[in-house]
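Here is a short set of exercises to work through with the model open beside you. Try each task before you read its solution.

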Amino acid sequence: MFVPSMLLKQLYTRGSLSNTDSGLSFLLKNRLKDAKIKELISIKINGQEFHPDNISLKIAGSDTIAASTLNNDGHLDFPLRSVAQFLIDHDEELPFEKHEIEISFRASPFGKLSFKVEDSISECTKHLTRMPRNDMDDYGEDVIKQRQAFVKEYTGVELKHAPQYSVDPKTLGGNIENFTGVAQVPMGFAGPIKVNGEHADGEYLIPMATTEGTLIASYNRGIKVANLCGGIKATVVDDAMQRAPVFVFEDARGAKSFIKWLREYFPKIKEEAEATSSVAELTYIDNFFASKFAYCRFNFKTGDAAGQNMVGRATFAACSWILDHYDGIKDFYLESNFATDKKASQINIMRTRGKRVIAEITLKKDILIQNMRVDPKQLDYHARVAGVGSFLSGVNNTGLHSPNGITAMFIATGQDVANVSESSAAVLYTELTDDGDLYLSITIPSLIVATYGGGTGIGSQKEALETMDCYGKGRVMKFAEIVASVVLAGEISLASAISSSDWVSSHEKYGRNR
């Protein structure tokens, strides 16, 4: 199995090269897939080769094994995300400078893997104050207790609530570093809300985690009105996740020629990108020119994962192949800030990042008047006045408060909350019907959600998704439709509260904390 050279070098843990009491040590972390180390072929440092008799390996949870024993008798399990420590018997310490390390070994299912990296040994930093860590097993009970004790010693505050958790820390690798405890956010449920989607078709209770009084009550008001009007129609109309490398050339013509070549070889680039994942699908590459730079937005479908890490890895592999096969590239950066990861941007509003979802409803005049004390004309007029305010302020949202519902659902369901930056963008539209009712829609052009991977499988977050039947594979579109429907319900509620002057009184009733 071919592994691009740039991706292969990511196995090495930068900064792990160190002098030990008996020689040298460095770490490799499996960032590919579950594997078995079959044979250690060679290790060279600054050109000096070390015999297998002088090398041993250790993986967390297993005994140290001599490389010569490994080569003669079998294999060493090397699961995904696990760390392998290489220990080398050596009489001389390496100086505090940069060193070249060459590693070659066989592992299934990859075959022979060989790469060369550079790393430096730093002067002793034991005098620096640091959180306790264990490079081989940083999620064990002992090191967690050490960190809790360290916090008490350093700050004078004993953690009483944070250590009360039900999740198994061993499952949190890839979710958090320096795990010390949990932050407990109050969670309630709104709804049920009736959703008429292509993927979500039914009534759903909505888990929301927040410390903002009135939030759940407000969404419940909007949900009630939406349900009385037959529910909310939701549609996912686009799906894309990006990584945006930039290639630097001698001049603009060099960049222009490269893009022509890129389009010609797109099938091969797609093949290299998709070889890194069973899920990622490279659909197209957007190209943008400035000066002598070629900015390339790689657009992927990522299944039920949010996919930022997935597309980063896939784009990295594709670019590794590009760099090996195209002459004239002067410089290269995997991310040019053009994907605008976790930042609001106009390009994501126009081109989609995550899921582009539209939620819509026709609000009946009599239902609005009876339940919200507002007339459709009031809401329509307020939306137009607020639209002018949105334009003047330059915001990325012509609605009122979509990030409220999105953030509360993100926290409850284990989403990456920083993605609210992009997901906060929204386009609200109102239209009076011939019958005097109000058509209302909201378009969320960059809703980044997941139902699998990331934080979605942790304890209460997994449970929250399960209450909507949205945990696991094949459910992300359903979840996106539910989120968009909740957002629209929130718009109904707040717009009505502002138009009927109930806004302040509601906060006085439910939001007092003084």
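Contact here means heavy atoms within 4.5 Å. Please keep in mind that the model is predicted.

**Exercise 1. Find which residues Phe 258 is in contact with, leaving aside its neighbours within four places in sequence, and place Phe 258 in its nonpolar core.**

Step 1. Select Phe 258 and list its contacts, skipping neighbours within four places in sequence: Phe 247, Phe 249, Ala 294, Cys 296, Ile 322, Tyr 326 and Ile 329.

Step 2. Now widen the view to the largest nonpolar core, which has 70 residues. Phe 258 is among the members that touch the most other members, together with Phe 26, Phe 105, Phe 298 and Ile 322.

Step 3. Look for the element that gives the most to this core: helix α7 (residues 308–325), with 8 residues.

Step 4. Domain 1 (5–120) and domain 3 (245–333) both contribute residues, so the core lies between them.

Step 5. Finish with the second, separate core of 53 residues, which includes Val 225, Leu 438, Met 468 and Val 486.

**Exercise 2. Describe how the chain is divided into domains, and how domain 2 and domain 3 meet.**

Step 1. Mark the bounds: domain 1 covers 5–120, domain 2 is made of 187–239 + 353–511, and domain 3 covers 245–333.

Step 2. Take the centres of domain 2 and domain 3 over C-alpha atoms; they are 35 Å apart.

Step 3. Count the residues in contact: 14 from domain 2 and 7 from domain 3.

Step 4. Compare with the record. An unreviewed UniProt entry annotates residues 7–122 as "domain: Hydroxymethylglutaryl-CoA reductase-like". Over residues 7–122 the chain is 53% strand and 8% helix, with 25 Å between the end C-alpha atoms.

**Exercise 3. Work out the strand order in the open sheet of 5 strands.**

Step 1. Trace the order, which is β1-β2-β8-β5-β6, with antiparallel pairing.

Step 2. Pick out the edges: β1 (18–19) and β6 (65–66) each pair on one side only.

Step 3. Zoom in on one pair. Strand β5 (residues 55–59) and strand β8 (residues 83–89) run antiparallel and are joined by 5 bridges. To check the register, find Lys 58, which stands opposite Gln 85 in β8.

**Exercise 4. Is strand β13 largely enclosed or open, and which strands pair with it?**

Step 1. Begin with burial. In strand β13 (residues 232–243), 9 of the 12 residues are buried, so the strand is largely enclosed by the rest of the structure.

Step 2. Take the parallel partner: β11 pairs with β13 over 3 bridges, and Gly 197 faces Ala 234 in β13.

Step 3. Turn to strand β18 (residues 354–363), which runs antiparallel to β13 and is joined to it by 7 bridges. Here Asp 239 stands opposite Lys 355.

Step 4. Add strand β16 (residues 293–301), which pairs with β13 in the antiparallel sense over 3 bridges. Met 241 stands opposite Phe 300 in this pair.

**Exercise 5. Is Gln 308 buried or exposed, and what does its side chain make a polar contact with?**

Step 1. Locate Gln 308 in helix α7.

Step 2. Its relative accessible area is 10%. Buried means under 20%, so Gln 308 is buried.

Step 3. Follow the side chain of Gln 308 to the side chain of Asn 419, where there is a polar contact at 2.9 Å.

Step 4. List what Gln 308 touches beyond four places in sequence: Met 241, Arg 243, Asp 341, Lys 342, Arg 353, Asn 419 and Ile 448.

**Exercise 6. Locate two cis peptide bonds and two residues with a positive phi that are not glycine.**

Step 1. Recall the background: most peptide bonds are trans, and most residues other than glycine have a negative phi.

Step 2. Find the cis bond joining Ser 108 and Pro 109, with omega about 15 degrees. Pro 109 sits in the loop between β9 (98–108) and β10 (111–120).

Step 3. Find the cis bond from Gly 191 to Pro 192, with omega near 10 degrees. Pro 192 belongs to strand β11 (residues 187–197).

Step 4. Turn to Arg 373, with a positive phi of about 60 degrees. Arg 373 lies in the loop between α9 (365–372) and α10 (376–393) and is exposed, at 52% relative accessibility.

Step 5. End with Asp 469, whose phi is positive at about 55 degrees. Asp 469 lies in the loop between α13 (459–467) and α14 (476–499) and is partly exposed, with a relative accessible area of 40%.

Technical notes: Residues are numbered from 1 along each chain as its sequence is written. This is a predicted model: local features need pLDDT of at least 70, side-chain atom pairs count only at pLDDT 80 or more; totals for chains, interfaces and linings use all residues. Side-chain values use heavy atoms; hydrogens and water are left out. Two strands pair if DSSP finds at least two bridges between them. Helices (H or I, at least four residues) and strands (E, at least two) are DSSP runs, numbered from the N terminus. UniProt positions are given in the numbering used here, feature names are shortened, and annotations may be inferred rather than shown by experiment. A nonpolar core is a set of buried Ala, Val, Leu, Ile, Met, Phe, Trp, Tyr and Cys residues joined through side-chain atoms within 4.5 Å. Buried means under 20% relative accessible area, exposed over 50%, partly exposed in between (1.4 Å probe, protein chains only). Domain bounds come from an automatic or database domain assignment. A polar contact is a pair of N or O atoms within 3.5 Å; within protein, one must be able to donate a hydrogen and the other to accept it, and residues adjacent in sequence count only if both atoms are side-chain atoms.
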